[in-house]
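Visitor: Please choose one part of this model and look at it closely. Then connect that part to its surroundings and to the rest of the fold.

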Amino acid sequence: MYRLYVNGIHNEHHYSELAREFFADDEYEVIPINIENAKNLSLGDYSLIFNADLGQDRDCIKRDIFRTLSEITGKSPDWGTLTGVKPLKPAMNLYLEGYDFSEVEKGLSDIYMVSDCKRKLIDEILRYQIENVPVADSNKWSIYTSIPFCPSLCSYCSFGSELARDKSILRYIPELKKEINECGRLFRESGKSIESVYFGGGTPTSLNAMELVSLFNSIEHSFDIKLRDMETTVEAGRPDTIDKDRLSAIKEFGVRRISINPQSLNDETLKKIGRSHSSDDIRNAFKLAREYEFEVINSDVIAGLPDETADDIENTIKKLIDIGANNITVHTLSVKRGSKLKQEDPDYHLRGIREVETMLEKASNILHAAGFVPYYVYRQKHQMGSFENTGWCIPGLHSLYNIRIMEEMQTIMGLGAGAIGKRYFPSENRLERIPNINDYRMYVERIDNIIARKHKYFD
């Protein structure tokens, strides 16, 4: 095990996250120390010391760690010393401080050691957002509503989703409506407005058409809004939950944006990851959705699924474009604790890195050639190769909600089991997370406590 002693710090989090991009969890330890002169410490063979003379700031220390671990392991992660979820933020901050695009790119290289290809990606996203996205207004909030049920559970999933059973949904919806009703009242008293509404999960279309109509009515009535008047997204993620009744219900409320998320159009892959549908089901779902003339049909694909190659993801993306996807998010597989895949193969995310890199390159080339542009990006822990998830769209068809959640300059009312609300305090430029309980059973049992907690933040 490597022991990385970092002098002059009290919290090892940032440095441990960086070391994780080079080592498996059980291969290293970051140890904070505070010693006036640490240059003369006697260290073992696998022990290293950083900031020995106490003369470096965090970024300097991280660059030193990055160079040293690159030399030891032969790895050079593309995102350099950036370890956070939101890699666009440092670039946006530099731009807002008055740096031009070339100076921002230089800063990403000099300060954070970001590779050429990722600097190019950030430059594209930064330019797109500046030219196409209005500045965040703290008086405009968003709503996220969680439906934590799916028709089957994917092997890589670590969300608090449950199999969609009628009795579970019937138990959940009334308690969710209690939270919607009370949060709607708190919102109406705030004097704010709603910019976007997002129904996620899970799979919201696990609800039947009548249940969807009832949910939409509850949101509109409680918050005194019309879904058709703002960006509203419904994740109709699984093709096995898409039918005429559900799509008619969604369209009835003027929803213009839905998601159909195949992850892959390889039937063997779909079986391996626990999907209960085929690639033909996906094509049929798109055909049906196009009949309702939704403005945006988003699709998710995942690079790094078991036994897939770069040719597989190329095939998936080309077919999705052909059948009507005009907003595509390319995810890198994240093998999280709690997922079936992590339990079966704890080191899965450490292998196949070069193939995933090729997948992302091919995806970028195909999407660019088809007229798509990258418009937002984020990262997760335990992603293969420490890569990223990138949202692509035909220009003008971006998701404002996705951009805002990465900016962290907007209040989001999170409703339902597993939802994470956020309260933004503009005077302090501070965001406070307001997570709900993941497990829907505990959510139902503790709904009164959950609602009482919302009063703490929104009264």
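**Cysteines, then the helices around the empty space**

Guide: Start with the cysteines: the structure holds 0 disulfides. The model is predicted. Two cysteines show contrasting surroundings. Cys150 is buried, because its relative accessible area of 9% is under the 20% limit. Cys60 counts as partly exposed, because its relative accessibility is 25%, and the partly exposed range runs between 20% and 50%.

Now the part for a close look: the space lined by α4 and α5. The structure has 1 cavity of 30 Å³ or more. About 40 Å³ of space lies in this largest cavity. Which elements give two or more residues to the lining of the largest cavity? They are α4, residues 101–110, and α5, residues 116–132. The full lining reads Phe101, Val104, Glu105, Leu108, Arg119, Ile122, Asp123 and Leu126. By class, that lining divides into 5 nonpolar, no polar and 3 charged residues. The charged residues in the lining are Glu105, Arg119 and Asp123. The numbering within each helix is worth a look. An α-helix has 3.6 residues a turn, so residues three or four places apart point the same way. Read the lining again with that in mind: Phe101, Val104, Glu105 and Leu108 line the cavity, and these positions fall in α4 (101–110). Arg119, Ile122, Asp123 and Leu126 line the cavity as well, and their positions fall in α5 (116–132).

Next, the loop that joins these helices. Met113 is found between α4 and α5. Phi of Met113 is positive, near 60 degrees, in a residue other than glycine. Is Met113 buried, partly exposed or exposed? Met113 is partly exposed, because its relative accessible area is 22%, and the buried class needs a value under 20%.

Step back to α3, which spans residues 88–96. Its buried residues are Leu88, Pro90, Ala91, Met92 and Leu94. What covers them includes α4 and α5, along with β12 (373–378). The helices of the cavity lining therefore also help to cover α3. After α3 comes Gly98, with a positive phi near 110 degrees.

α5 has a further role as lining. The second largest pocket has a volume of about 370 Å³. Of the 18 residues that line it, Cys117, Lys118, Leu360, Glu361 and Ser364 are the closest to its centre. At least two lining residues come from each of α5, α13 (353–369) and β13 (389–393). α13 supplies the largest share, 7 residues. By class, the pocket lining divides into 7 nonpolar, 4 polar and 7 charged residues. The cavity lining, in contrast, has no polar residues.

Now for the nonpolar packing. In soluble globular proteins, nonpolar side chains tend to be buried together. Here the largest nonpolar core has 81 residues, and Tyr172 and Phe223 touch the most other members. Helix α6, residues 166–190, gives the most to this core, with 8 residues. Apart from it lies another core, of 17 residues, among them Val6, Tyr15, Leu48 and Phe66. Phe223 shows what its own surroundings look like. Beyond its neighbours within four places in sequence, Phe223 contacts Ile143, Ile180, Cys183, Gly184, Phe187, Arg188, Met413 and Leu415.

One backbone feature lies in the stretch before α7. The peptide bond from Gly201 to Gly202 is cis, with omega near 15 degrees. Gly202 is found in the loop between β7 (193–201) and α7 (209–223).

Finish at α10, residues 279–291, which holds Leu288. Leu288 counts as buried, because its relative accessibility is 14%. Leaving aside neighbours within four places in sequence, Leu288 is in contact with Ile242, Asp243, Lys244 and Leu247. Ile219 lies 69 residues from Leu288 along the chain, and their C-alpha atoms are separated by 26 Å. Glu293 sits in the loop between α10 and β10 (296–303). It has a positive phi of about 55 degrees, although it is not a glycine. Glu293 is exposed, because its relative accessible area is 64%, and exposed means over 50%. Met113, with its positive phi near 60 degrees, is partly exposed instead.

Methods. Residues numbered from 1 in each chain as written. Predicted model: local features only at pLDDT ≥ 70, side-chain atom pairs only at ≥ 80, totals over all residues. Heavy atoms only, no water. 1 Å grid on protein atoms, 1.4 Å probe; cavity = no way out; pocket = protein on both sides within 12 Å on 5 of 7 lines; lining within 4 Å. Points joined across faces, edges and corners; volume = space filled by probe spheres on them. Helix = DSSP H or I, 4+ residues; strand = E, 2+ residues; numbered from the N terminus. Core = buried A, V, L, I, M, F, W, Y, C linked by side-chain atoms within 4.5 Å. Buried < 20%, exposed > 50% of the residue type's maximum accessible area, 1.4 Å probe, protein only. Contact = heavy atoms within 4.5 Å. Disulfide = S-S within 2.5 Å.
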